[in-house]
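Thanks for sharing this one. Here are some notes to read alongside the coordinates, starting with a single residue and working outwards.

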Amino acid sequence: MKAETVIFFLLVLAGASAEGVFLQPTSAKGRYGLFAELKEVDGTEFGAKLMDTIALQFKNQSPLADISKLLNDIHAELVTQQKNADVQSEVTERECQKGIAEYNSRVSAATAGIQEAITSTATCLLYT
C-alpha cells in the first residue's frame, strides 16, 4: 500500500476518531501541513512501524473502531511513558542540583581554607 494511501486513511481515521487525538490541526497549513507531518512521522523507526501496522490493519479490512482503539491505546501508553520520563528527569535534575550545591560548598570551604592559609602565612612573614 502506497504511503499516500496510508496517509489518506489516517486522515479518514482522524475524522472518524471520537477524540481526534492524533491528528488535531497543529497549524494553519491545513491538510497539506498534515501530510508533511505524517511524512515526518513515517521517517522515524517508530512512526514507520506505526504506519505499517495501520496499513496492515486497513489491508486486512479491520473496522475503523479497532484501528482507532489501537491508536488510542498507543497514545495512552506514550503519554504514560512521557509522564514517567518527566518524573525521572525531575528526579535527576534535583540530584544534579544537590550535587552542584555540595560541590559549591566544598569549593567555598576550600577557598576559605586557602584564604586562611594566605593570611596565616602573611602574618608569620610580618613577625619574622
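1. Once its neighbours within four places in sequence are set aside, Ser-62 is in contact with Gln-57 and Ile-67. Please keep in mind that this is a predicted model. Ser-62 itself sits in the loop between α3 and α4. With Gln-57 there is also a polar contact, side chain to side chain, at 2.8 Å.

2. The other partner, Ile-67, belongs to the buried residues of α4. Which residues of α4 are buried? They are Ile-67, Ser-68 and Leu-71. For orientation, α4 covers residues 64-126, so these residues count as buried because each has under 20% relative accessible area.

3. Gln-61 deserves a look at its backbone. This residue has a positive phi of about 60°, although it is not a glycine. Like Ser-62, Gln-61 is found in the loop between α3 and α4, where α3 spans residues 45-59. Is Gln-61 buried or exposed? Its relative accessible area is 71%, so Gln-61 is exposed, the cut-off being over 50%.

4. Helix α4 is worth checking for straightness of numbers, so to speak. It contains 63 residues. From its first C-alpha to its last, α4 reaches 91 Å, which is close to the 93 Å expected at 1.5 Å a residue.

5. Two cysteines may catch your eye if you are setting up protonation or bonding. The structure holds 0 disulfides. Cys-96 has a relative accessible area of 45%, so it is partly exposed. Cys-124 also counts as partly exposed, because its relative accessibility is 45%.

6. Now for the chain as a whole. How many helices and strands does the protein chain have? There are 4 helices and 0 strands, and reading along the sequence gives the pattern α-α-α-α.

7. On burial and surface, 16% of the 128 residues of the protein chain count as buried. The accessible surface of the chain comes to about 9,700 Å², and carbon and sulfur atoms account for 59% of that area.

8. Last, a word on contact range. Taking the contacts in the protein chain with a separation of 6 or more, 56% are between residues 24 or more positions apart.

Terms used
Residues are numbered from 1 along each chain as its sequence is written. This is a predicted model: local features need pLDDT of at least 70, side-chain atom pairs count only at pLDDT 80 or more; totals for chains, interfaces and linings use all residues. Side-chain values use heavy atoms; hydrogens and water are left out. Helices (H or I, at least four residues) and strands (E, at least two) are DSSP runs, numbered from the N terminus. The expected span of a helix is 1.5 Å times one less than its number of residues. Buried means under 20% relative accessible area, exposed over 50%, partly exposed in between (1.4 Å probe, protein chains only). A disulfide is a pair of cysteine sulfur atoms within 2.5 Å. A polar contact is a pair of N or O atoms within 3.5 Å; within protein, one must be able to donate a hydrogen and the other to accept it, and residues adjacent in sequence count only if both atoms are side-chain atoms. Contact means heavy atoms within 4.5 Å. Accessible areas come from the Shrake-Rupley method with a 1.4 Å probe; for residues, only the protein chains shown count as cover.
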